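Here are some exercises on strands, sheets and helices. Try each task with the structure in view before you read its solution.

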Amino acid sequence: MCGIVGYVGSKDACPFLISGLQRLEYRGYDSAGISTLRPTGGLGVTKVAGRVADLDSALQRQALTGALGIGHTRWATHGAATEDNAHPHIGGQGILSLAHNGVIENYESLKFALQAKGYAFRSQTDSEVVAHLIADCFKNAAADQHGDGSVQSGIEAVQEALSQLRGTYGLVVMFRDYPDLLIAARCGSPLVVGVGKDEQFVASDTSPLVGFTERIIYLADHQLAVIRSNNIQVLHRDQGRIRPDIQTLSSQTVDANLEGYGHYMLKEIYEQPESIQNALRGRLDKDNATAKFGGLNLTTQQLRGIQRIILTGCGTSWHSALVGEYLIEELARIPVEVEYASELRYRNPPVDHDTIVFGITQSGETADTLAALREVKRKGHHTLALCNVIGSSIAQEADGGVYLHAGPEIGVASTKAFTSQLTVLSMLALYFGRLRHLSFEAGQRIISQLESLPSLVEKTLECHGQVKEIAERYADATNFLYLGRNYNFPTALEGALKLKEISYIHAEGYPAAEMKHGPIALVDERTPSVFIVPQGTVYDKVLSNLQEVKARGGPVIAIVDHDDRQVTNLADAVIQIPQIEDFLQPIVAAIPLQLLSYEIALLRGCDVDKPRNLAKSVTVE
Ligand code: F6R
């Protein structure tokens, strides 16, 4: 959450900083700022309460030059989205600039102590406390053995300040007196250093670095990078200087091009035939009627010994976990529990020895999921990540895992990552099933269904025009219900979440039968109910639930998988998707729900790719 960039070299820092912030804007976009060391000396800062585009306009009016600079795009935690609360923050009397991600838990006591020493605060943020704290430590460090002005005083000041912080941070600092020094430090909030030739870069993920360098260093927790234009040193809090592990930036680069689509969300919805194909690629083993995975890091014996699986994640990824529960229990007969990562971390459930824990996450940076996995790992359980972003924190920390290969997901509302997660979970269920009781024939049947997915999803996208018309009829509603059963109960939850987050319409997802235990009171002629009612084991039951809504005057939008006369006679609008077996229906049924939320959000004038209050990657707990 929040994006950080930094540059040290001989070129003007601003072009990299602005392009980096644009690429990081999906992490937070309520205010933005940059700071440079002016060629004439002194720190310049430009900040805006608004988007990176507003910052860019402000810089067009008044340029900030300098070959040392840092930038930040914010998702507010402490203090409203105002110019004063935007980063970078100045420490002391213009001694340093700082950009910070994360949450400082003891900021109030630190602030109190700094105020008592005369430091004046301009913002309500916890981050400004860090800036003044480093400035204070710098005064002390410079006053004793390093009063000669060597950069060592700056490094020690940062180290001393960090030792006083409780909470999480990814931060970058530059000093007025050190034109060739950036310090970056990490504890719980990701940072990557980009290694260049006579210039170096810092960013909170790899996206800003694409096109600038291919050599990167992922900082780990408690590491601090001392970055000069021709040299990088990495220091660990406990181990001192360590040799940095320079990696090559993966080819999974940010495709910042909308390719003619109006929004990333729409582009990503339309990419799903391909992203699903990429999730399947190389993983289906027809000879043995199973799936194969390279990175689980468990022996076949260990895999056969698994007695229980915990699936954890947040938001859309948690919905995938719910589908995963149905899939794995049905196909592999292994008991599965689904936990919100934010609850799993603090709930401390008893976890038996033969339990493995999967963290499901698009970004691989979600703080709650990372913390939950760390907690179960600490207790000795094998942790696996089902993750999209290569090299992300969760991908690195888990004991093994599976990448989605969905490509960058830029739209804040998750779409293609969801269907890729479900595709991978289906293959995992097949794999676990085939290690146990699932027959060869059943395995073959599942493989052929999986193989048909990309073309079926392609076909499903043809419903877009029809969905658009339906959106026009219902865009003014203030409440929606989404109802489905069995595999399509999580689909209903996901449909409701999509609508809520990008169109700001209140929507609830429910198991269709559960509706009569309370939510049915919401049904009236102004509250549309979206029923997911394809053929399958619960078809008749869902049809009855649909009739219950119609009997109370509620408008019904139905998603069916054939020319369904029964449903068409009852529903006010019908969307037809292709037929597929129950366990893969959520992948196909999600498509019209994604399109419906997209079209409604557009009609309501909402910012589809950057909905209010949200951020793509939630790196605070
Ligand atoms: C919804 C959405 C969020 C994320 C959630 C977890 O469209 O995008 O609910 O699913 O914040 O994010 P990841 O999957 O990155 O851990």
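**Exercise 1. Find which residue of S20 stands opposite Ile-310.**

Step 1: Keep in mind that you are looking at a predicted model. Go to strand S18 (residues 308-313) and then to strand S20 (residues 355-361); the two pair in the parallel sense over five bridges.

Step 2: Start at Ile-310 and look across to S20, where you meet Val-357.

**Exercise 2. Work out the strand order of the open sheet of five strands, and say why one side of each edge strand is left without a neighbour.**

Step 1: Read the sheet from one side to the other. The order is S19-S18-S20-S21-S22, and the pairing is parallel.

Step 2: Look at the two ends. Strand S19 (336-340) and strand S22 (400-403) are the edge strands; each has a single partner strand, so one of its sides has no neighbour in the sheet.

Step 3: Add the twist. On average, and with direction ignored, neighbouring strands of this sheet are turned by 20° against each other.

**Exercise 3. Determine which strands helix H9 and helix H11 lie across.**

Step 1: Take helix H9 (residues 315-332). H9 lies across S18, S19 and S20, and runs at about 175° to S19.

Step 2: Take helix H11 (residues 367-378). H11 lies across S18, S20 and strand S21 (382-387), at about 165° to S20.

**Exercise 4. Describe how H9 packs with H13.**

Step 1: Two packed helices are described by the angle between their axes and the distance between the axes. For H9 and H13 the angle is about 25° and the axes are 9 Å apart.

Step 2: Classify the angle. Angles under 35 degrees count as roughly parallel, so H9 is roughly parallel to H13.

Step 3: Give the handedness: H9 passes H13 in a right-handed crossing.

Step 4: List some of the residues that meet. Among them are Val-323, Leu-327 and Leu-331 in H9, and Leu-422, Leu-425 and Ala-429 in H13.

Step 5: Sort the residues of this contact of H9 with H13: 11 are nonpolar, eight are polar and none is charged.

**Exercise 5. Now do likewise for H7 and H13.**

Step 1: Helix H7 (residues 272-280) packs with helix H13 (residues 416-434) at an angle of about 30°, and 9 Å separate their axes.

Step 2: H7 is therefore roughly parallel to H13, and the crossing is right-handed.

Step 3: The residues that meet include Ile-276 and Ala-279 in H7, and Val-424 and Met-427 in H13.

Step 4: The contact of H7 with H13 divides into five nonpolar residues, five polar ones and one charged.

**Exercise 6. Work through the open sheet of eight strands.**

Step 1: Its order is S3-S2-S4-S1-S10-S9-S11-S15, with antiparallel pairing.

Step 2: At the edges stand strand S3 (43-48) and strand S15 (247-248), each with a single partner strand, so each has one side without a neighbour in the sheet.

Step 3: Pick out one pair. Strand S9 (residues 192-195) runs antiparallel to strand S11 (residues 215-218), and four bridges join them. Here Val-193 stands opposite Ile-217 in S11.

Step 4: Add the helices. Helix H1 (residues 14-24) lies across strands S1, S2, S4 and S10, at about 160° to S1. Helix H2 (residues 52-61) lies across S2, S3 and S4, at about 135° to S3.

Methods. Residues are numbered from 1 along each chain as its sequence is written. This is a predicted model: local features need pLDDT of at least 70, side-chain atom pairs count only at pLDDT 80 or more; totals for chains, interfaces and linings use all residues. Side-chain values use heavy atoms; hydrogens and water are left out. Two strands pair if DSSP finds at least two bridges between them. Contact means heavy atoms within 4.5 Å. Axes are lines fitted to C-alpha atoms, for helices over the stretch in contact, and angles run from 0 to 180 degrees between N-to-C directions. Angles under 35 degrees count as roughly parallel, over 145 as roughly antiparallel, 65 to 115 as roughly perpendicular and the rest as oblique. A crossing is left-handed if the near helix is turned anticlockwise from the far one by less than a right angle, and right-handed if clockwise. Ala, Val, Leu, Ile, Met, Phe, Trp, Tyr, Cys and Pro count as nonpolar, Asp, Glu, Lys and Arg as charged, and the others, Gly among them, as polar.
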